[in-house]
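Colleague: Please take a close look at the charged side chains in this model. Which of them pair up, and what surrounds them?

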Amino acid sequence: MIIVTTEFVPGKEIKELKGFVRGSTVQSKHIGRDLMAGLKTIVGGEIKEYTEMMEDARKQAIGRMVDDAKQKGANAIICIRLETSSVMTNASEIIAYGTAVTVE
């Protein structure tokens, strides 16, 4: 599956639009990560536990978007975007979306 943020795939011709595709996941913090994050706020620096959690969530959302595109018969996704939003206290949704297409 080709995934790009642009409206085209360089060197390829879009033959068919398959439509909107998306994938999402909701991730929540857990006590172990919160304890480490709390300590990190005292000394400063990257909170690696959350960085890793969000990276895993992005991968999962993109994977689900790719599955959606495959079900529609696409071999590429153009105009991909990622967004994060808070859905409740200590939980965030990560959504990946774009336009599924067939390219040659």
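Modeller: Salt bridges and a buried acid

E55 forms a salt bridge with R58, with the closest N and O atoms 3.2 Å apart. A salt bridge here is a side-chain nitrogen of Lys or Arg within 4 Å of a carboxyl oxygen of Asp or Glu. The model is predicted: local features need pLDDT of at least 70, side-chain atom pairs count only at pLDDT 80 or more, and totals for chains, interfaces and linings use all residues. Residues are numbered from 1 along each chain as its sequence is written, and side-chain values use heavy atoms, leaving out hydrogens and water.

Both E55 and R58 sit in helix α2, three residues apart, about one turn of the helix. Helices are DSSP runs (H or I, at least four residues), numbered from the N terminus. E55 is partly exposed at 34% relative accessibility. R58 is also partly exposed, at 28%. Partly exposed lies between buried (under 20% relative accessible area) and exposed (over 50%), using a 1.4 Å probe and protein chains only.

The whole structure holds three salt bridges. One of them joins K18 to E16 at 3.3 Å, N to O. K18 has a relative accessible area of 26%; E16 has 41%. E13 pairs with K15, closest N and O atoms 3.5 Å apart.

Now D68. This residue lies in helix α2, which spans residues 48-71. D68 is buried yet has no salt bridge. The nearest side chain of opposite charge, K72, is 4.2 Å away. Lys and Arg count as positive, Asp and Glu as negative; His and the chain ends are not counted. Beyond neighbours within four places in sequence, D68 is in contact (heavy atoms within 4.5 Å) with F20, V21 and R22.

Key: Helix = DSSP H or I, 4+ residues; strand = E, 2+ residues; numbered from the N terminus.
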